[in-house]
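Trainee: I am new to this structure. Please take one part of it, look at it closely, and then connect it to the rest.

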Amino acid sequence: MTKHVLVLPGDGIGPEIVTEAVKVLGTLNLDIEIDSALIGGAAVDATGNPLPDETLEKARNADAILLGAVGGPKWDGNAMEQRPEKGLLGIRSQLELFANLRPAILYPQLAEASTLKPEVVSGLDILIVRELTGGIYFGQPRGIRTLDNGEREGYNTYVYSESEIRRIGRQAFEAAQKRGKRLCSIDKSNVLEVTVLWKEVMDELAKEYPDVELSHMLVDNAAMQLVRAPKQFDVMVTGNMFGDILSDAAAMLTGSIGMLPSASLDENGKGMYEPCHGSAPDIAGQGKANPLATILSVAMMLRYSLNEIAAADRIEQAVEKVLDQGLRTADIMSEGCKLVSTEEMGAAVVAAL
Ligand code: NAD
């Protein structure tokens, strides 16, 4: 049966990296039909809405979605409803893509790209499972209000229901079962009630997954441990905001955010796949962007949503091969390697396939 993939290039380097990823997908000769639509700043410019109805409709009907990135200085002054990021948050919540899986893997070929000592990071392979549709980014009430004394006050609400915690917990326990069977839940239960509940629900769930060893860590310690001894972790699970920050830190352990894919899944395994990085306006349009995170996101898409495991393996092996060949975009460049453009890197992966 033909599978339908919706491509959302977005802004900045988004269109450049997605073009290369789509070429890679096309090389596999799978029964996949590709459509595309607008999101983010590009959609604001064309329709006044960062998530047009047509895009949402196409996304609902697709089997999987591949996104580049959204945002850029052009739209920074826009009202909140007309900000590119609103399109991304909107599609995640509308499709209930509540589970964000972010692997941080250090390819041996890139050991030098990490700012940490090779012995601290070599062989690193961790997975951060971040809750994506709840927590403080979505909690109500929120806003900026003027107090009686005339001073303005900004406020947000950090809220998680038991069912929200349970469903992300299950995804994390199941991911841990497929890996090293260790799960570390990250909270701030010494200060925030919402994460006291988080911790309790994780403990309850642990009884259903006796093969997984559950531990708990406070988020401040987790940030420290991630840079001190990151290999102690297998799978980490945490809420939206802590996950946002910790996964970027984990990304940098590997040397480049340009190498890291991500998956955002709903309860049925339908998902949106995107690189962990943003739209990199500083290098947009210059052919400097590393397309490998997006290409590896295609591999995750084939594995988690399209059930094409062999094709996913082939892409990952092709990426390893181009790294072995010494080809590097600027962000992962090191001595003795060959500097290539976005397009050349994409072409090299296609050739390796
Ligand atoms: P960023 O990830 O876009 O860039 C951070 C740094 O990493 C920049 O120096 C950039 O050049 C570099 N970089 C990122 N991706 C790269 C790649 N593929 N190859 C080579 N270098 C790469 O983060 P930022 O600068 O904080 O944000 C820029 C814009 O992106 C903002 O508008 C922000 O809101 C948006 N953003 C979007 C997403 C998303 O769409 N998922 C995520 C984060 C930020």
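Mentor: Helix H7 covers residues 193-206, which makes 14 residues. At 1.5 Å a residue, a helix of that length should span 20 Å, and the end C-alpha atoms of H7 are in fact 20 Å apart, so expectation and model agree. The model in question is a predicted one.

The buried residues of H7 are Val-194, Thr-195, Trp-198, Val-201, Met-202, Leu-205 and Ala-206. Looking down the axis of H7, these buried residues fall within an arc of 140°, so they line one face of the helix. Leu-197 also belongs to H7. Its relative accessible area is 28%, and because buried means under 20% and exposed means over 50%, Leu-197 counts as partly exposed. Measuring from C-alpha to C-alpha, Leu-197 is 32 Å from Arg-60 in space, and the two are 137 residues apart in sequence.

Helix H6 can be treated in the way used for H7. It runs over residues 162-177. Its 16 residues should span 22 Å at 1.5 Å a residue, and the distance between its end C-alpha atoms is 22 Å, which agrees. Buried in H6 are Glu-164, Ile-165, Arg-167, Ile-168, Gly-169, Gln-171, Ala-172, Phe-173, Ala-175 and Ala-176.

Between H6 and strand S8, which takes up residues 182-187, there is a loop that holds Lys-181. Lys-181 is not a glycine, yet its phi is positive, at about 65°. With 35% relative accessibility, Lys-181 is partly exposed. Most residues other than glycine have a negative phi, and most peptide bonds are trans. An exception on the peptide-bond side is the cis bond that joins Gln-140 and Pro-141, with omega about 0°. Pro-141 sits in the loop between strand S5 (125-131) and strand S6 (143-146).

Another buried residue is found in a strand. Arg-102 is part of strand S4, residues 99-105. Its relative accessibility is 9%, and it therefore counts as buried. The side chain of Arg-102 makes a polar contact of 2.8 Å with the side chain of Ser-247.

Ala-280 brings in the ligand. This residue lies in the loop between strand S12 (271-275) and helix H10 (292-304). Its phi is positive, near 40°, although Ala-280 is not a glycine. Ala-280 is also among the residues that come nearest to the ligand, along with Val-70, Glu-85, Gly-278 and Asp-282, out of 20 residues around it. By class, that shell consists of 9 nonpolar, 7 polar and 4 charged residues.

Several backbone atoms lie close to polar atoms of the ligand. One ligand oxygen is 3.0 Å from a backbone N or O atom of Gly-72. A polar backbone atom of Ser-279 is 3.1 Å from an oxygen atom of the ligand. For Asn-290, a polar backbone atom is 2.9 Å from a nitrogen atom of the ligand. The ligand taken alone exposes 800 Å², and the protein buries 67% of that.

Terms used. Residues are numbered from 1 along each chain as its sequence is written. This is a predicted model: local features need pLDDT of at least 70, side-chain atom pairs count only at pLDDT 80 or more; totals for chains, interfaces and linings use all residues. Side-chain values use heavy atoms; hydrogens and water are left out. A residue is near a molecule or strand if one of its heavy atoms lies within 4 Å of it. A polar contact is a pair of N or O atoms within 3.5 Å; within protein, one must be able to donate a hydrogen and the other to accept it, and residues adjacent in sequence count only if both atoms are side-chain atoms. Accessible areas come from the Shrake-Rupley method with a 1.4 Å probe; for residues, only the protein chains shown count as cover. Ala, Val, Leu, Ile, Met, Phe, Trp, Tyr, Cys and Pro count as nonpolar, Asp, Glu, Lys and Arg as charged, and the others, Gly among them, as polar. Helices (H or I, at least four residues) and strands (E, at least two) are DSSP runs, numbered from the N terminus. The expected span of a helix is 1.5 Å times one less than its number of residues. Buried means under 20% relative accessible area, exposed over 50%, partly exposed in between (1.4 Å probe, protein chains only). The arc is that of the directions from the helix axis to the C-beta atoms.
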